[in-house]
Amino acid sequence: MFTGIVAELGEVADIEQRGDAARLTIRGSTEGVSPGDSIAVNGVCLTVTGILEGTFTADVMGETLDRSSLGALTSGAPVNLEQSVRLADRLGGHLMQGHVDATGTIISRSPAEHWDQVRISLPASISRYVVHKGSIAVDGISLTVSALGPPGEQTWFEVCLIPETLKRTTMGARQPGEVVNLEVDVIAKYVERLMNGEANK
């Protein structure tokens with residue numbers, strides 16, 4: 001599990017294509033990290049397979065490459081990093097699994113004096129799980145939905161980014177047209193399944 005509080009901006013050091021999979025080498029802090037640990041990379045839960053001189057490696061299967069923006073990463077690209085939360089840790093954001101539900105595209109960003117407002121497309125497949133003032137993970141960042149477009153085939157939501165988020169995460173440089181990973185609140189999906197009487201099916 002993760003909380004959406006990005007620990008640091010890492011960097012893609014290398015990408016090794018392996019047919020329908022890839023091996024990522026990420027440059028970032030490896031203090032306290034061991035092979036087998038989980039680290040969220042742009043909101044995608046990956047398993048550490050190796051550690052060497054300030055980098056760690058992780059294998060990404062085809063399903064993850066297809067469903068997330070990781071398949072579009074290039075060497076040198078910045079990435080948001082968060083180690084999995086421990087039961088004794090503070091829950092600074094909201095509970096996240098690191099399982100990307102869909103991708104969205106940045107539609108616009110409007111800078112203000114001390115913060116930015118960013119509008120992101122919201123696929124119909126997950127729009128029912130997103131509510132005004134609720135939580136959503138964008139590239140692994142726990143954010144509050146500040147506005148929500150009308151229901152439709154392709155709607156949108158907005159988030160407001162404070163200076164700390166702009167400085168410490170990839171959202172500080174994301175521009176319209178770029179694709180981001182989205183993860184909705186898993187509790188909403190469980191509630192829906194229970195309400196539909198599908199829990200025992």
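**Figure 1. Strands E8 and E11 pair in the antiparallel sense in this predicted model.** Strand E8 covers residues 116-123 and strand E11 covers residues 154-161, and 8 bridges join the two. At one of these positions Asp116 stands opposite Leu161 of E11. Leu122 of E8 has Thr155 of E11 as its bridge partner. Strand E8 is largely enclosed by the rest of the structure, because 6 of its 8 residues are buried. The view also takes in a charge placed over a ring: Arg119 lies over the face of Trp156, at 3.5 Å from the ring centre. The count of aromatic pairs comes to 0.

**Figure 2. The hairpin of strands E7 and E8 has 4 residues between its strands.** Strand E7 consists of residues 102-111 and pairs with E8 over 5 bridges in the antiparallel sense. Pro111 has Asp116 of E8 as its bridge partner. Asp116 thus appears in two views, as it also stands opposite Leu161 in E11.

**Figure 3. Six strands form a closed barrel in the order E7-E8-E11-E10-E9-E12.** The pairing in this barrel is antiparallel. On average, neighbouring strands of the sheet are turned by 45° against each other, with direction ignored. The pairs of Figures 1 and 2, E8 with E11 and E7 with E8, belong to this barrel.

**Figure 4. Strands E9 and E10 form a hairpin with 2 residues between them.** Strand E9 (residues 135-138) and strand E10 (residues 141-148) run antiparallel and are joined by 4 bridges. Within this pairing, Ala137 stands opposite Ser142 of E10. In the turn, Asp139 has a positive phi of about 50°. Strand E9 also pairs with E12, again in the antiparallel sense, over 2 bridges. There Val138 stands opposite Leu182 of E12.

**Figure 5. Arg174 sits in the loop between helix H3 and strand E12.** Helix H3 spans 163-168. What is the relative accessibility of Arg174, and is the residue buried or exposed? The value is 14%, so Arg174 counts as buried, the cut-off being under 20%. Leaving aside neighbours within four places in sequence, Arg174 is in contact with Asn42, Ile106, Arg109, Asp139, Val179 and Val180. One of these contacts, Asp139, is the turn residue of the E9 and E10 hairpin. Another, Asn42, is shown in Figure 7.

**Figure 6. A closed barrel of 6 strands runs E1-E2-E5-E4-E3-E6.** Its pairing is antiparallel. Neighbouring strands of this sheet are turned by 45° against each other on average, direction ignored. Strand E1 (residues 8-18) and strand E6 (residues 78-83) pair over 4 bridges. In that pairing, Glu11 stands opposite Pro78 of E6.

**Figure 7. Asn42 and Glu53 are non-glycine residues with positive phi, at about 50° for Asn42 and about 45° for Glu53.** Asn42 lies in the loop between strand E3 (38-41) and strand E4 (44-52). Glu53 is placed in the loop between E4 and strand E5 (55-60). Which of the two terms, buried or exposed, applies to Asn42? With a relative accessible area of 1%, Asn42 is buried. Glu53, in contrast, is exposed, with a relative accessible area of 76%. Asn42 is also among the residues in contact with Arg174.

**Figure 8. Gly92 lies in the loop between strands E6 and E7.** Gly92 is exposed, with a relative accessible area of 57%, the cut-off being over 50%. Which residues does Gly92 touch, not counting those up to four places away in sequence? They are Thr3 and Ile5. Gly92 and Thr3 are 89 residues apart along the chain, and their C-alpha atoms are separated by 6.4 Å.

**Figure 9. Prediction confidence averages a pLDDT of 93 over the protein.** Of the residues, 98% score at least 70. Confidence is lowest in helix H4 (residues 186-195), where the mean is 89. It is highest in strand E12 (residues 179-183), at 98. Strand E12 is one of the strands in the barrel of Figure 3, and pairs with E9 as described for Figure 4.

Note on methods. Residues are numbered from 1 along each chain as its sequence is written. This is a predicted model: local features need pLDDT of at least 70, side-chain atom pairs count only at pLDDT 80 or more; totals for chains, interfaces and linings use all residues. Side-chain values use heavy atoms; hydrogens and water are left out. Two strands pair if DSSP finds at least two bridges between them. Axes are lines fitted to C-alpha atoms, for helices over the stretch in contact, and angles run from 0 to 180 degrees between N-to-C directions. pLDDT is the predictor's confidence in each residue, from 0 to 100. Rings of Phe, Tyr and Trp (its six-membered ring) pair if their centres lie within 6.5 Å; planes under 30 degrees apart count as stacked, over 60 as edge-to-face and the rest as tilted. A charge sits over a ring if NZ of Lys or CZ of Arg is within 6 Å of the ring centre and within 35 degrees of the ring normal. Buried means under 20% relative accessible area, exposed over 50%, partly exposed in between (1.4 Å probe, protein chains only). Contact means heavy atoms within 4.5 Å.
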